[in-house]
Amino acid sequence: MKYFLSLVTLLTAISAQAQNNTPQNIEVNNNQLPKSNNWTYFTGRYDVNVNTGDQQIPATLNLRMKRDSIVWFSVSANMGIQIQVAKGIMLRDTLHIADIYHKEYYAIPVANASQYLSIPLGVQQLQNLFVGQPLIDTFSAKPFNNSNYSAKLVDQLMCYTTISQPLIIESKFAQPNAETKKENEGYSQLRFTEISTPNKPKDKAILEHSQWLNVSSESADAFSFLPMGIKITSTTAQQTAQVDLTLTTARYDVIPSYPFKIDDSYKHKNLSQK
């Protein structure tokens, strides 16, 4: 359960270490959030590999999402056969997680998680992780927490930086054109996001979106492009952990149900309990 909750924490961040060679500063007022996709439903199956440094853990993630409303998931371990080990559902204000192996149930208020992480965390942020949109709005006219923000071109990536104590958040987009960013197709493809803290320079969370595929035809224009690969890396002074997700199948039609039932055999616990 500890690892699964750590993975949820990892889903709040992203980036790669591009060399900062003579960056070109861009007027922030001329930059806008890339066009959002027109999707309502998304069903995906991901091959997952978890690398904790001393072991590799293969798994499968099944995902169902209704835009701005529901995120449902189940996690199965690959042990020769598929064994479901966890399931969960996030509604607007609560994340419900069932640790099937240990028969434990957690109901985590989203507000508590947001306060703990110092960043907004909810249905929209978690959905954006999978569809390749920014997890955190680092470049609107009214960024969160009264933060300071800027934009610049770095190694052909448009880099938005937000400083919101105690965090530094960077979002990098592919192949922008400084004058025609809004019309540039590549500009809508998020590549890296990084969250770090100045007082702990060795601690950071990095998320990389890759292998963008044009799915406009099969999704009936619900999406233009989707990232087939997602890499989540968490680094501390003591350890580095990495989660690789590869999208293997996807559907875009109406989802009939989001099954999540907890019976009396589960122990109701909170995060402070071991």
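This report describes buried elements, ring pairs, salt bridges and some surface and backbone features of one predicted model.

Residues are numbered from 1 along each chain as its sequence is written, and side-chain values use heavy atoms, with hydrogens and water left out. Because the model is predicted, local features need pLDDT of at least 70 and side-chain atom pairs count only at pLDDT 80 or more, while totals for chains, interfaces and linings use all residues.

**Covered elements**

Helices (H or I, at least four residues) and strands (E, at least two) are DSSP runs, numbered from the N terminus. Buried means under 20% relative accessible area, exposed means over 50%, and partly exposed lies in between, with a 1.4 Å probe and protein chains only.

Helix 3, which spans residues 123–131, has eight of its nine residues buried, and these are V123, Q125, L126, Q127, N128, L129, F130 and V131. Just after helix 3, G132 takes a positive phi of about 80 degrees.

Strand 10 (residues 167–174) is largely enclosed by the rest of the structure, because six of its eight residues are buried. Strand 10 runs antiparallel to strand 11 (residues 190–197), and six bridges join them; two strands are taken to pair if DSSP finds at least two bridges between them. Within this pairing, F173 has L190 of strand 11 as its bridge partner.

**Aromatic pairs**

Rings of Phe, Tyr and Trp (its six-membered ring) pair if their centres lie within 6.5 Å; planes under 30 degrees apart count as stacked, over 60 as edge-to-face and the rest as tilted. The structure holds six aromatic pairs. One of them joins F42 and F223, whose ring centres are 5.8 Å apart and whose planes stand at 75 degrees, so the pair is edge-to-face. This pair links distant parts of the chain, since F42 lies in strand 2 (residues 41–51) and F223 in the loop between strand 12 (200–214) and strand 13 (225–235), 181 residues apart. Both F42 and F223 are buried.

Y46 and F130 form a tilted pair, with 5.5 Å centre to centre and 55 degrees between the planes. Y46 lies in strand 2 and F130 in helix 3, so this pair ties together parts that are 84 residues apart in sequence. Y46 is buried at a relative accessible area of 0%, and F130 counts as buried at 5% relative accessibility. Ring pairs also link W39, F42, F223 and Y252 into a cluster.

**Salt bridges**

Side chains of opposite charge can pair when their charged atoms come close. A salt bridge is defined here as a side-chain nitrogen of Lys or Arg within 4 Å of a carboxyl oxygen of Asp or Glu, and a search of the whole structure finds four, including the pairs in the table.

| Pair | Closest N and O atoms |
|---|---|
| E104 and K269 | 3.5 Å |
| K172 and E170 | 3.0 Å |
| K204 and E194 | 3.5 Å |

K204 lies in strand 12 and E194 in strand 11, ten residues apart. K204 counts as buried at 19% relative accessibility, and E194 counts as buried at 10%.

For the pair of E104 and K269, E104 lies in strand 7 (residues 104–109) and K269 in strand 15, so the bridge ties together parts that are 165 residues apart in sequence. E104 counts as buried at 13% relative accessibility, as does K269 at 17%. K269 is also 9.8 Å from I108, C-alpha to C-alpha, although 161 residues separate them in sequence.

K172 lies in strand 10 and counts as buried at 4% relative accessibility, whereas its partner E170 counts as partly exposed at 21%.

**Surface and backbone features**

M79, I81 and I83 form a nonpolar surface patch with about 310 Å² of accessible area together. M79 lies in the loop between strand 4 (70–78) and strand 5 (82–90), and M79 is exposed, with a relative accessible area of 57%. Patches are made of residues with over 30% relative accessible area and no salt bridge, where like charges are joined within 9 Å and nonpolar side chains (Val, Leu, Ile, Met, Phe, Trp, Tyr) within 5 Å. Accessible areas come from the Shrake-Rupley method with a 1.4 Å probe, and for residues only the protein chains shown count as cover.

D68, in the loop between strand 3 (56–66) and strand 4, has a positive phi near 60 degrees although it is not glycine, and D68 is partly exposed at 36% relative accessible area. A220, in the loop between strand 12 and strand 13, has a positive phi near 55 degrees, again in a residue other than glycine, and A220 is exposed at 66%.
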